[in-house]
Amino acid sequence: LVMEEEQLATIKKPGIVEHLTKEQFEHRVCEIVKCKRDISYFAEKYFKIINLDKGLMTIKLYDKQKELLKYFVDEKRCIVLAARQSSKTTTYTIYLLWLTMFFPEKKVMILANKADTALEILDRIRMAYSYVPEFLKPGVFVWNKGEVQFANRSTIKGFATASDAARGFSANVVVMDEASFVPNNVASKVFESIYPVISSSKNSQFIMVSTPNGADPKNLYYEIWQKANNKNKDANTEGWKPFRFDWWDVPGRDEQWKLNTIASIGQTRFDQEFGNVFLSSTTTKKLIPDDITDKFRQMLA
């Protein structure tokens, strides 16, 4: 309740008029232009997060996060494979706030495997907005747990993936969080109902983000990830572009961290949670062990 009251106290009403000096006006225009042109500049100067060790702070992006932000800005069919605790969710919340603040009439749909998760993601965005300086904020028309609508007519809504309400909301940007964990029948139905609308617009965007969850060919996320990585153009007619976020891309994670983590949770769980490995149910040994594959990926990163 305290956090909710703090957020409500910081939302900006539409149509507020301010009297500025020439210097103040020029400074604000300059900052708005910088933020709109450079998402990393906006994030590192104005985007607040709650760090487990340091509390409330302005985010400091590491290199892979900057790459991921640029990827979101540049690509329309995005599929991200990311290790656990790699700040993938934080990174796309930066993108969604930046997009809706600085570009009008963007309609964003966040789909998560659970309704509570979708609302928690939206709350991160609302909190970050509340700490942005007043002159950067668009005014707010709608502000509740499930929806934010700015005066520039950009909207962000959160849904559970299985929700029928999601199908009645027309969006030009869709984010499917932890897509590989959505049950196959649910994911297929939602994708079949939403994707035709998205694909009909040249400027629409579909973002799928997940850790791996098995090598099931019927799993929508796994199917699209394989398609995106297939060099045969005919296999990827929709233009999906893959982005891989490995455990070693996170500062502070080295070989010793890996060994300590494996000692705590075991090799199999490490492979799935942090190794970006699509584990198969088969007991057949792999020709090339995962640790050797990891070393080659690190060398090429």
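Buried here means under 20% relative accessible area. The model is predicted. This briefing covers a β hairpin, helix α6, a nonpolar surface patch and the surroundings of Glu 75.

**Helix α6**
- Helix α6 spans residues 115–130, 16 residues in total.
- From first C-alpha to last, α6 reaches 23 Å, close to the 22 Å expected at 1.5 Å a residue.
- The buried residues of α6 are Ala 118, Ile 121, Leu 122, Ile 125, Arg 126, Met 127, Ala 128, Tyr 129 and Ser 130.

**Hairpin β1–β2**
- Strand β1 (residues 48–51) and strand β2 (residues 55–58) run antiparallel and are joined by four bridges.
- Three residues lie between the two strands of this hairpin.
- Within the pairing, Ile 49 of β1 stands opposite Met 57 in β2.

**Nonpolar surface patch**
- Leu 20, Phe 25, Val 29 and Val 33 make a nonpolar surface patch of about 320 Å².
- Phe 25 is located in helix α2, which covers residues 22–37.
- Phe 25 has a relative accessible area of 51% and therefore counts as exposed, the cut-off being over 50%.

**Glu 75 and its surroundings**
- Glu 75 sits in the loop that runs between α4 (63–74) and β3 (77–82).
- Because its relative accessible area is 22%, Glu 75 is classed as partly exposed.
- Leaving aside residues up to four places away in sequence, Glu 75 touches Gln 205 and Lys 241.
- Glu 75 and Phe 206 are separated by 131 residues in sequence, while their C-alpha atoms are 9.2 Å apart in space.

Conventions. Residues numbered from 1 in each chain as written. Predicted model: local features only at pLDDT ≥ 70, side-chain atom pairs only at ≥ 80, totals over all residues. Heavy atoms only, no water. Patch = residues over 30% accessible without salt bridge, like charges linked within 9 Å, V, L, I, M, F, W, Y side chains within 5 Å. Areas by Shrake-Rupley, 256 points an atom, 1.4 Å probe, with all protein chains shown as cover. Salt bridge = Lys/Arg side-chain N within 4 Å of Asp/Glu carboxyl O. Buried < 20%, exposed > 50% of the residue type's maximum accessible area, 1.4 Å probe, protein only. Contact = heavy atoms within 4.5 Å. Expected span 1.5 Å × (residues − 1). Pairing = 2+ DSSP bridges.
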